[in-house]
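Me: Could you take a close look at one helix here and walk me through how it packs with its neighbours? Keep it relaxed, but give me the details.

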Amino acid sequence: MNAKKSLPHYANLLIVIATYLFLYIPIIVLFAFSFNSKSFPATWDNFTIKWYQELFNSSELWGSLVNSFLVAILSTTISLTMGVLLIFFRASGGRVARFLPMFYGNLIIPETVLAVSLLTFFSIFSVPLGLPTVVVSHAVIGLGFVIPIIYTRYLDLDPKLKEASLILGASPIKTFFKITLPLLRPSLISTGLLIFIISFDDFIITYFCSGTSFQTLSLYLFSTIRTGISPVVNALSTFLLVISGLFAMMFFSPKLKARIF
């Protein structure tokens with residue numbers, strides 16, 4: 001009986017191991033071939049760091065990377081600010097329930113359809129494509145995540161805390177910033193990180209709404225891999241993987257996590 005019971009356990013373990021191997025073996029291969037002297041795809045030849053030298057000497061690539069960070073930071077800030085303002089309006093007695101389905105559409109509508117719609121909107125009003133249009137487009141996507149998550153978290157808050165603050169003499173504005181907003185901070189941080197990652201990696205909406213004068217990292221990589229995969233892309237991917245891993249370790253450290261949340 002014990003042997004029969006252990007079979008499903010080993011089967012589940014094998015599935016988990018196979019899943020992790022499927023996810024991480026390509027990353028390991030990418031990391032290894034970023035030090036290969038030959039261009040990808042090719043067999044291993046000699047160890048070299050010339051691709052990293054080309055990476056750090058590429059001004060166009062770093063400019064695109066800065067643009068991606070700028071777009072992600074601005075769109076995240078706008079989305080979170082609008083989400084906080086909506087919650088403040090709701091906390092002040094406003095009715096927003098009937099408008100919430102408008103934000104869920106961003107999660108349901110295919111991204112290509114949303115990108116074409118935004119491009120059509122900008123064209124009708126003769127808005128020049130560039131950084132502002134990309135930021136606004138990404139903020140529209142971000143609202144589809146911010147509003148439902150923050151509003152749901154707001155409804156879960158204990159109303160007695162707000163009532164106690166008002167009874168003790170605090171104004172509605174002070175109650176919002178001293179009681180409601182701190183309680184929403186974990187949701188705001190997690191949602192902000194989600195929007196930042198989505199905006200930083202986005203390609204479809206950026207491709208439609210950026211025009212020819214503005215280029216993010218995703219557009220730069222798309223233009224380079226059309227003529228073949230450059231080993232510099234492997235080096236860049238490894239660099240971003242290391243940086244994101246370090247940030248993840250810092251963010252999930254117990255001391256920093258206790259300070260944030």
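Reply: First, a term we'll need: the bend at a residue is the angle between two axes, one fitted to the seven residues ending there and the other to the seven starting there. Keep in mind too that this is a predicted model.

Let's take α8, which runs over residues 172–201, and begin with its partner α6, since that's where the bend comes in. Helix α6 covers residues 131–155, and it has a kink of about 35°, centred on G142. As for its length, 25 residues at 1.5 Å a residue should span 36 Å, and the end C-alpha atoms of α6 are 35 Å apart, so the two agree.

Now put α6 against α8. Their axes are 10 Å apart and the packing angle is about 150°. Angles over 145 degrees count as roughly antiparallel, so that's what α6 and α8 are to each other. The crossing of α6 past α8 is right-handed. On the α6 side the contact includes H138, I141, F145, I149 and Y154, and G142 is in the list as well, the residue on which the kink is centred. On the α8 side you'll find, among them, T180, L184, L188, I195 and S199. Sorted by class, this contact has twelve nonpolar, six polar and one charged residues.

Next up is α7, residues 159–167. Its axis comes within 10 Å of the α8 axis, and the two cross at roughly 150°. That makes α7 and α8 roughly antiparallel, therefore, to each other, and their crossing is right-handed. From α7 come L161, K162, S165 and L166, while α8 brings P172, T175, I179 and L183. The classes here are five nonpolar, two polar and one charged. L183 is worth a second look, as it's in the α7 contact and also in the one with α6.

Finally, there's α3, residues 59–91, which packs on α8 at an angle of about 145° with the axes 9 Å apart. This crossing is right-handed too. Its contact with α8 divides into 18 nonpolar and six polar residues, with no charged ones.

How values were computed. Residues are numbered from 1 along each chain as its sequence is written. This is a predicted model: local features need pLDDT of at least 70, side-chain atom pairs count only at pLDDT 80 or more; totals for chains, interfaces and linings use all residues. Side-chain values use heavy atoms; hydrogens and water are left out. Axes are lines fitted to C-alpha atoms, for helices over the stretch in contact, and angles run from 0 to 180 degrees between N-to-C directions. Helices (H or I, at least four residues) and strands (E, at least two) are DSSP runs, numbered from the N terminus. Angles under 35 degrees count as roughly parallel, over 145 as roughly antiparallel, 65 to 115 as roughly perpendicular and the rest as oblique. A crossing is left-handed if the near helix is turned anticlockwise from the far one by less than a right angle, and right-handed if clockwise. Contact means heavy atoms within 4.5 Å. Ala, Val, Leu, Ile, Met, Phe, Trp, Tyr, Cys and Pro count as nonpolar, Asp, Glu, Lys and Arg as charged, and the others, Gly among them, as polar. The expected span of a helix is 1.5 Å times one less than its number of residues.
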